[in-house]
Amino acid sequence: MADNNAKITLENKERDRSEILVELKEVLGLDKLPRKIETFDISNISGSFIVAGMCVLKDGVINKSLSRKFKIRTIVGQDDPACMKEVIFRRLKHSIDNPNGGFGKLPDVIFVDGGITQLRAAKEAVAEYNLDIPIFGMVKNDKHTTRALIDEKRNELELSEELKNLITKFQDTVHDTAIEYHRKLRDVEVSKS
């Protein structure tokens with residue numbers, strides 16, 4: 001009986017993940033299921049110790065082992081859109097140069113934490129490789145939970161409560177990844193001085 005209950009629970013989880021991917025596909029207007037979604041967030045304090053975090057939602061589940069951290073190399077000062085462009089350009093380059101490397105295949109969709117300027121910067125990075133990867137911005141409400149996804153025309157896409165919860169968790173995970181790396185770099189610098 002325990003074995004049977006475990007199988008039923010697993011089947012229900014698989015069905016729930018599949019349903020959420022189908023719903024996301026419809027909301028985003030995609031041609032295929034978004035099996036691999038990558039999200040990016042920039043973190044800094046007044047333009048110092050600028051870093052980015054990347055997290056992956058694979059088959060409807062946040063896969064923390066695929067998270068990556070980037071130190072921004074080419075941008076000086078606080079310019080989140082330029083930082084977003086740099087980090088996405090570098091991330092795409094990894095898969096293009098080495099498709100069997102640690103980053104794996106290119107994502108089906110990219111989410112960026114931030115508004116329209118970060119979204120447009122991400123589109124510029126994707127365009128430099130002549131890729132057709134859909135990009136959406138994750139917008140938070142005043143309670144700091146995901147309010148909506150936006151497209152490049154600033155249209156807010158209607159999300160079910162279940163999708164909002166998943167995307168909020170995804171957005172929080174990438175935010176925590178970026179903040180954690182930022183703090184680590186800052187703490188190293190402070191301990192040096």
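# A tour from glutamate 38 outward

Begin by selecting glutamate 38, which counts as buried because its relative accessibility is 0%. Keep in mind throughout that the structure on your screen is a predicted model. Colour by secondary structure and you will find glutamate 38 in strand S1, the run covering residues 36-45. Now show side chains and add arginine 91 to the selection, since the side chains of glutamate 38 and arginine 91 are joined by a polar contact of 2.5 Å. If you then display what surrounds glutamate 38, leaving aside neighbours within four places in sequence, the residues in contact with it include Met54, Cys55, Val56, Lys105, Pro107, Val109 and Ile110, together with Arg91, Phe111 and Phe170.

From here, follow arginine 91 into helix H2, where Arg91 is one of the buried residues, alongside Cys83, Met84, Glu86, Val87, Ile88, Arg90, Leu92 and Ser95. Put a distance between the end C-alpha atoms of H2 and you should read 26 Å, which agrees with the 26 Å expected for 18 residues at 1.5 Å a residue.

Next, select the cysteines at positions 55 and 83. Cysteine 55 has a relative accessibility of 1% and therefore counts as buried, while cysteine 83, at 0%, is buried as well. Should you be looking for sulfur-sulfur bonds, a search of the whole structure finds 0 disulfides.

The aromatic rings make the next stop, and the structure holds 4 aromatic pairs. Select phenylalanine 89 and tyrosine 129 to see one that is stacked, with 4.8 Å from centre to centre and 20° between the planes. This pair links distant parts of the chain, for phenylalanine 89 sits in helix H2 (residues 80-97) and tyrosine 129 in the loop between helix H3 (116-128) and strand S6 (135-140), 40 residues apart. Switch on a surface and both partners should show: phenylalanine 89 counts as partly exposed at 27% relative accessibility, and tyrosine 129 is partly exposed at 21%.

Move now to phenylalanine 111 and phenylalanine 170, whose ring centres are 6.3 Å apart and whose planes meet at 65°, so that this pair is edge-to-face. Because phenylalanine 111 lies in strand S5 (residues 109-113) and phenylalanine 170 in helix H4 (residues 161-192), the pair ties together parts 59 residues apart in sequence. Here the rings belong to buried residues, with phenylalanine 111 at a relative accessible area of 0% and phenylalanine 170 at 1%. Add Phe136 to the selection and you have a cluster, since ring pairs link Phe111, Phe136 and Phe170. Both Phe111 and Phe170 have already appeared on this tour, among the residues in contact with glutamate 38.

For another kind of ring neighbour, select arginine 68 together with phenylalanine 103, where the arginine lies over the face of the ring, 5.3 Å from the ring centre.

Finish at threonine 117, which you will find in helix H3. At 44% relative accessibility, this threonine counts as partly exposed. A polar contact of 2.9 Å joins its side chain to that of glutamine 118. To close the tour, draw a line from the C-alpha atom of threonine 117 to that of alanine 82, a residue 35 places away along the chain, and the separation should come to 9.2 Å.

Technical notes. Residues are numbered from 1 along each chain as its sequence is written. This is a predicted model: local features need pLDDT of at least 70, side-chain atom pairs count only at pLDDT 80 or more; totals for chains, interfaces and linings use all residues. Side-chain values use heavy atoms; hydrogens and water are left out. Helices (H or I, at least four residues) and strands (E, at least two) are DSSP runs, numbered from the N terminus. Buried means under 20% relative accessible area, exposed over 50%, partly exposed in between (1.4 Å probe, protein chains only). A polar contact is a pair of N or O atoms within 3.5 Å; within protein, one must be able to donate a hydrogen and the other to accept it, and residues adjacent in sequence count only if both atoms are side-chain atoms. Contact means heavy atoms within 4.5 Å. A disulfide is a pair of cysteine sulfur atoms within 2.5 Å. Rings of Phe, Tyr and Trp (its six-membered ring) pair if their centres lie within 6.5 Å; planes under 30 degrees apart count as stacked, over 60 as edge-to-face and the rest as tilted. A charge sits over a ring if NZ of Lys or CZ of Arg is within 6 Å of the ring centre and within 35 degrees of the ring normal. The expected span of a helix is 1.5 Å times one less than its number of residues.
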